[in-house]
Amino acid sequence: MREEYDIENLNPRKNPYSKKLKKQVTINIDSDTIDYFKAQSDDFGIPYQTLINLYLSDCVKQKKQLQMSWK
């Protein structure tokens, strides 16, 4: 092995995923909601946390506004 490498010339490309890095957060979610996404994950074969992220990302892309009604 060489003692020194020119790192900048080894891989001059930027990471294409660097803008989509995920951030770990702590969030309280109802058990029913978790159970729903876990059932969906069994059907689709995708981890439930990924499904939750996909759903929230879709909300952002479509600029969905929260609609709440108290009954």
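**A tour from the α1–α2 loop to the segment after α3**

Begin by selecting Asp 30, which lies in the loop between α1 and α2. The model is a predicted one, and every stop below refers to it. Asp 30 is exposed, because its relative accessible area of 57% is over 50%. Next, add Thr 50 to the selection and display the C-alpha distance: Asp 30 and Thr 50 are separated by 20 residues in sequence and by 17 Å in space.

Remain in this loop and select Pro 16, which is also placed between α1 (7-10) and α2. Pro 16 counts as exposed, at 66% relative accessibility. A second C-alpha distance may be drawn from Pro 16 to Ile 27; the two are 11 residues apart in sequence and 28 Å apart in space.

Now select helix α2, residues 31-44, together with α3, residues 48-61. How do the axes of α2 and α3 cross? They come within 8 Å and cross at roughly 105°. This angle falls in the range of 65 to 115 degrees, so α2 is roughly perpendicular to α3. To display the contact, show the side chains of Ile 34, Phe 37, Lys 38, Gln 40 and Ser 41 on α2, and those of Tyr 48, Leu 51, Ile 52 and Tyr 55 on α3. By class, the residues of this contact comprise six nonpolar, two polar and one charged.

Within α2, centre the view on Ser 41. Is Ser 41 buried or exposed? Ser 41 is buried, since its relative accessible area of 11% is under 20%. Beyond its neighbours within four places in sequence, Ser 41 is in contact with Ile 46, Pro 47, Tyr 48 and Leu 51.

Keep Tyr 48 visible and add Lys 38. The charged end of Lys 38 sits over the ring of Tyr 48, at 5.1 Å from the ring centre.

The aromatic rings form the next stop. A pair of aromatic rings is described by the distance of the centres and the angle of the planes. With ring centres within 6.5 Å as the criterion, there are two aromatic pairs. In one of them, the rings of Tyr 36 and Phe 37 have centres 5.4 Å apart and planes at 85°; because this angle is over 60 degrees, the pair is edge-to-face. Select Tyr 55 as well, since ring pairs link Tyr 36, Phe 37 and Tyr 55 into a cluster. A surface display may be applied to the members of the edge-to-face pair: Tyr 36 counts as partly exposed, at 49% relative accessibility, whereas Phe 37 is buried, with a relative accessible area of 14%.

Finally, move to Lys 63, in the segment after α3. What is the phi of Lys 63? It is positive, at about 50°, although Lys 63 is not a glycine. Most residues other than glycine have a negative phi. Lys 63 is exposed, with a relative accessible area of 67%.

Conventions
Residues are numbered from 1 along each chain as its sequence is written. This is a predicted model: local features need pLDDT of at least 70, side-chain atom pairs count only at pLDDT 80 or more; totals for chains, interfaces and linings use all residues. Side-chain values use heavy atoms; hydrogens and water are left out. Helices (H or I, at least four residues) and strands (E, at least two) are DSSP runs, numbered from the N terminus. Buried means under 20% relative accessible area, exposed over 50%, partly exposed in between (1.4 Å probe, protein chains only). Rings of Phe, Tyr and Trp (its six-membered ring) pair if their centres lie within 6.5 Å; planes under 30 degrees apart count as stacked, over 60 as edge-to-face and the rest as tilted. A charge sits over a ring if NZ of Lys or CZ of Arg is within 6 Å of the ring centre and within 35 degrees of the ring normal. Axes are lines fitted to C-alpha atoms, for helices over the stretch in contact, and angles run from 0 to 180 degrees between N-to-C directions. Angles under 35 degrees count as roughly parallel, over 145 as roughly antiparallel, 65 to 115 as roughly perpendicular and the rest as oblique. Contact means heavy atoms within 4.5 Å. Ala, Val, Leu, Ile, Met, Phe, Trp, Tyr, Cys and Pro count as nonpolar, Asp, Glu, Lys and Arg as charged, and the others, Gly among them, as polar.
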